[in-house]
Structures are given as C-alpha cells and as structure tokens.
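Biologist: Could you take a close look at one helix pair for me, and walk me through how the two helices pack? A few words on the surroundings would be welcome too.

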Amino acid sequence: MKRFDKGYIYSALLSDLLGSLVILFFLMEEIMLESETPPVGLLSILPGILGAFAVIYLCFITYRILYYMTSGYQLTEKEIKCNRGVLYRRRSVLEYKNVHAINKKQTLLHRIFGIAVLTVDSGSTNTFHQAEITIIEKSRTVDALVNELNALKESGVRTAEGATEEVLLSEDDSLYRFTSKSKMLYTLINIASTAFFTALLGVMTIIVLGICKLILQLDSLGTWGQYFLFAFMITLGSMLLFSFFSFVGCMIHSFVGYHKFNITKRGNDIQISYGLLERHTNTFSYNRIKAVKISQGIVQRMLGFASIKLEVIGYTTNTGKDNSAELGVLVPFCKYNEIGDILSKVLPGFIPEKKQTRAVAFFPFVSWFVLILGIVSGVVLIEALLPMLIFKVSSSVVAAVICSVIGSAAVVLLFKILSAVLSYQNNGIAVTNGKITAYYGGFTKNITVFNAKNLIAAESVTTPLREKAGISSLVMHIKTNAITNEIKVHIQQDSLSEEIEQLLTL
Amino acid sequence: MELKKLNKSVLKLWYIYAAIAAFAILLTFTIIAITLNVAGAPGDVTVATLLGIGIPAFVIIGIILIMPALRYKMYAWGYDDKRITVKQGVIFRQRVVIPVCQIQDHHRTQGPIMMILKLSGVIISTAGSNFSISTLTTEEADRIIDDLGGKLESRIEELKNEEV
C-alpha cells in the first residue's frame, strides 16, 4: 500500500500551528483586556500557557505522523483500496466500475507544499456525507490519478500498462464561463436583494412603532416629524451596512470561490473546476446526473437571472467542509433566457419543457394557512388578554397589544398571500418523452428537470374538500440525496397524480 | 390492489402513546401549580399562569386523545408484485406509491411497548427516501419483509429480461 505524500504532514502541521496561534492570540488578548493594571501576573502564567501550547501542538504532531504512517492507498486490478484514520481506522474498497465522482481539492497551504486531495465517491446515499476514498498526493500525481480513474471507471479493469494518456483541457474547451461582468452583476443583484429586504423590514418596523406611538402616546419617540426622520435614517443606515456586508461576502464568494469557473466535457464525463484559495476539480459521468434544478430568487426573477444546480447522488456533499462554493452548482449565475442555450451545450437531455399543467385554484394555497394563523392569533390574544384583565391593565395597553397581534398577523398574511400568488403562477408540470419538468416554489421559483426512470416514488396529498373538487398536490421522490429528493407541485388536477404514477418503473 | 386496515392492537398502541403524552402534559401542569402554591404566589398570578398554560395544554390533550382513532380510521396499506401503496392522514390525506423494484433495503423496528403487544414498524428504504408502514403485527411485518425480498428479486430478473 502506497503512503500519502509527506507534504500532508507539513501542510497539516502548518495549518494546525496557524489555527493554534489564532486561538492563543485571542486567549492572550482576553487576558490583557481583563487586567486594567500592567499585567504582572501574565508573566508568571506565560510559561504555563506556552507549555500547554507546546504539549497540545506535540499531540497534533504525533496525530499527523500517526495518520501518515497508518494511511495509504492501492490501485489493484479491479478496485481501489484506501486505509485511513488513527483511533478509528477505516478501510475502504471501491470497484472502478462503481466510481461515481472524482474530485480534486487544493487549498492554499496544499499549493505551497505542492500537494492535492483526491476524493473518489461511490454515490451511495449511506455514505453521502463523505467520500469513500481519500488520497493525499503530489498535485501532478493526483492529476494522473484523475485521468487514470476516469479511464478505469469505463473499462473496470487496470492493465499492466498503467496510467492512460492524459487528457489536457484548456480554458478554451470551457462550455460556460463565469465572467467578471457576470460576477459583478451577481454581486449587484445580491446587494439589491439585501437592500430590498432590509427596506421592507424597516418599513414594517416604522409602521408597527408608529401604531404603538399613536395608541400609547409615546413621547419618548419625539414628534412625528422627528420620528419619521430618525426612522428613515436608521433604515437607510441599516440598508447601507447590510449591503456593504453583502457586497464583501458576494465579492469573496464570486471572485474567490468561483475563480476560473470552467465546465468541460471529457468523453462521458463532465468536469467542473473553480476556486482560488481552494481549487476544486470535480469529475463525474453524465449518466450519474439525476436532475437539473433551476432556481430564481425574487430579485433574480424580477431582473431575469437564474442559477442552475445539479442533483447527483453523493456528489454534492462529499467534502462537507466547503464554504466557498457549492459543489452541486452547474452554473452559478446566468440570464434566464440563456438557460436553454447553456443546457443544450452541457446537458441537452435536461432542457426544461414549457408547462403543460397549471395550479387549478388559488384559494387552497392560503386556506389552511389562514385557518392556522387565525387559531394561533386567537390563542395568543386570549393568552395575552386574560392576564391583563386579571391584573386590570389600562385599556390603552390592551388596545396596543390587540393592535400589535392583529398587525403582526396581517403582515404575515400579506407575505403568505404574496407567496401564494407567486406559487399559483409557478406551480405546474410538463411530461414529454419520459422527461418530467416540475415548476414549483413561491418567492423562489424552482424548475427541476429529471428523467421518469429516476422517479422512485409518487405521493398525492389532498384534504377531504380538495378531494371532492378533484384537486391534489403532487410529491415526487427522485433518486438523489435524501435531504433534497422531494419535489412538491401544489394544487393540480387529481388525474395528474395517476398520470405520474403510470411513469413509475414498476 | 386491495388495501388492508391495520390490526386492532395498533390502535391500542397509539392510545398508550397518547395516554403517556397526555400524562406528561398533566404532570407538568400539576408541578407548575404546586410550585406556585408552595412559593406563595399571589392569587392573581396563580390564576393567570394556570389559565395561560392550562387552556393550550387541555386543547393539546384533547387533540392527542382524539387523533389515534381518526388516524386508525384513515390508515390503509397494501402491496402486490409491483408496488406498495400506503394511504394515511386525517386532514391532509396522503397516498404513496413505491415501486417494488426501487427498494434497496427494509428494516423492522420494535420499541418496548411494541414488543409487549407483539407489533413492529416496517421501514422501506429506496435510493433517496425512507417510507414507513406505520405499525403491523410482528408476524405481518416478517411476512411482508420476506415477501418483498422475494418479489424484488423476481422483479429485478424480469426487468433485466425486458432490457435484453
């Protein structure tokens, strides 16, 4: 069994050292800030802190060396074997023909030491939280292994000749590019979303406080002119502050996380690579893609943009720690009317079809919500009013409480009605030649395209009244990760559920 | 496909669960009342607190005690060579169809009360979701697991032949 590259020890220890120093820095800062007088006591405890630090770091060194000594991998004739772990040892064996996704990851520290992490996943839902095989090797070796494993998953058998010819891909081969212009637009739209929702929250707060001021005669809020001026200033300030954070976050996310975002075809495989500080190169077969999901947030929808994600068993969550960019993303940001063009180049079998059915009624989208909201608001009112009546609270306070409960319920209801109107417009389905296109969602519009052969169960949900009216909601379970595998299309004709059931591979 | 109703002892089990939940709520309510009394809280505060907690608590207890009978009335299940069908739900009525050929594995589960009543739950795993057939007699659960295992193998063979 071949051991991992020694660079693993150095990069891991450097990473541990940096992490520990950060903790030590914050610890020291805390001690320094607590003592107002010159920290005389600090000098006496400093050797102790440093000693503890040294002991902990020695433990890290021991662990990393032991991990290096006990871990390794081997490519046999038909399978790849991998040993890893110190206290909990894990031995994984994966046949080449069962290889589902091959991902290469390289952090900044890995690049310094010239290594990369290769993860090979079987696509099993039982182990979807982490890949079966992890190999830490020199970056070049990992590239060679990616090529070799790509060839081996087709042939299933490793011959004596060893590695296959390397398939070199350049940026010119990219089927989609996340350009700087698109990244800027993506950032601006996210800023607009943040500003929009902050403004909405601000206006709601102004109204609620205004009602309280009116009923309770709150002089502390100043005159009406002062109140509106301050409220406007605070809302504007919040919008600017949150938009700034959104700007910084989006710039890092799009320019660093999606740096050099490329999608390329390699025979039967699709390869997606991105990232500046942590570079990912993910390779998987076309036939492993179970669905394509197109999403549009409310602001994206108003401006005609969308994002495209892939639904693939095991693939989307196999590294677990990735915060810079989602692994399931196919196209992070594009114009909505370009989706057809992009998918025709990358995944022609997943181009969405036009809706063939629509939601048949609006009222069911809000009926149950209104009922439950009414009950909850009623209970809250009774619960609030009873003690106030017992304690003989003044009538103005009682009126303010009633107003705020009814006002909050009205705001929630308003949101629900807006969401229901959008859901009523969105929900629908199209079935053509064994391909299902489901339209669903309220504020966020989703379109999921998948083949009927990947439908694993069909569910219809109705109520006694809806049953009489021939209405039901449809829940389709597809072959992907357990968390994301339900597609709910609401308030459709009852007969649609039966049609979908006919599409199940029985 | 003819759908079957659940065994009568399942209703007994659900009532036991409901009684345990109702008892826990009542116990919490009693403890709060005693604590207020021992602490010498003013009468107004005691009444306000007990009304505040009592009204929702008794509404919840009422719902808990009604639900088993309604749930039992609405539950039906069945299977044939190709599919498993489960109908359930009191207000929101669900009908789930799971193809036999999509089953990856099945599990039988039993808690202590289920053991006493000789009942078992059956969980059917597919490549993505888990579906459960609420509670069956242990004999029925064993039979369905054996039966589905056999049907799955023969169905996979059939599908292979269809592909050829």
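Modeller: Let's start with what counts as touching: two residues are in contact if their C-beta atoms, placed from the backbone, lie within 7 Å. Keep in mind that this is a predicted model. The pair I'd pick is in chain A: helix α9 (residues 363–390) and helix α10 (residues 395–426), whose axes come within 10 Å and cross at roughly 170°. Angles over 145 degrees count as roughly antiparallel, so α9(A) is roughly antiparallel to α10(A).

Now for who meets whom. On the α9(A) side, the residues in contact include F365(A), V366(A), F369(A), V370(A) and L373(A), and further along S377(A), V380(A), L381(A) and M388(A). Facing them from α10(A) are, among others, V398(A), V401(A), I402(A), V405(A), K416(A), S423(A) and Y424(A). Sorted by class, the contact has 20 nonpolar, 2 polar and 1 charged residues.

What about nonpolar cores? The largest one has 93 residues, and L118(A), V120(A), I135(A), V292(A), A438(A) and M476(A) touch the most other members. Another core, of 6 residues, lies apart from it, and F365(A) is among its members, along with A359(A), I471(A) and I491(A). F365(A) is also one of the α9(A) residues that meet α10(A), so to speak a handy place to begin browsing.

For a look beyond chain A, chain B is assigned domain 1 (8–73) and domain 2 (77–163). Their centres, taken over C-alpha atoms, are separated by 35 Å, and the contact takes 8 residues from domain 1 of chain B and 7 residues from domain 2 of chain B.

How values were computed. Residues numbered from 1 in each chain as written. Chains lettered and ligands numbered in written order. Predicted model: local features only at pLDDT ≥ 70, side-chain atom pairs only at ≥ 80, totals over all residues. Domains from an automatic or database assignment. Core = buried A, V, L, I, M, F, W, Y, C linked by C-beta atoms within 7 Å. Buried ≥ 20, exposed ≤ 12 C-beta atoms within 10 Å, placed from the backbone. Axes fitted to C-alpha atoms, helices over the stretch in contact; angles between N-to-C directions. Helix = DSSP H or I, 4+ residues; strand = E, 2+ residues; numbered from the N terminus. Parallel < 35°, antiparallel > 145°, perpendicular 65-115°, else oblique. Nonpolar A, V, L, I, M, F, W, Y, C, P; charged D, E, K, R; others polar.
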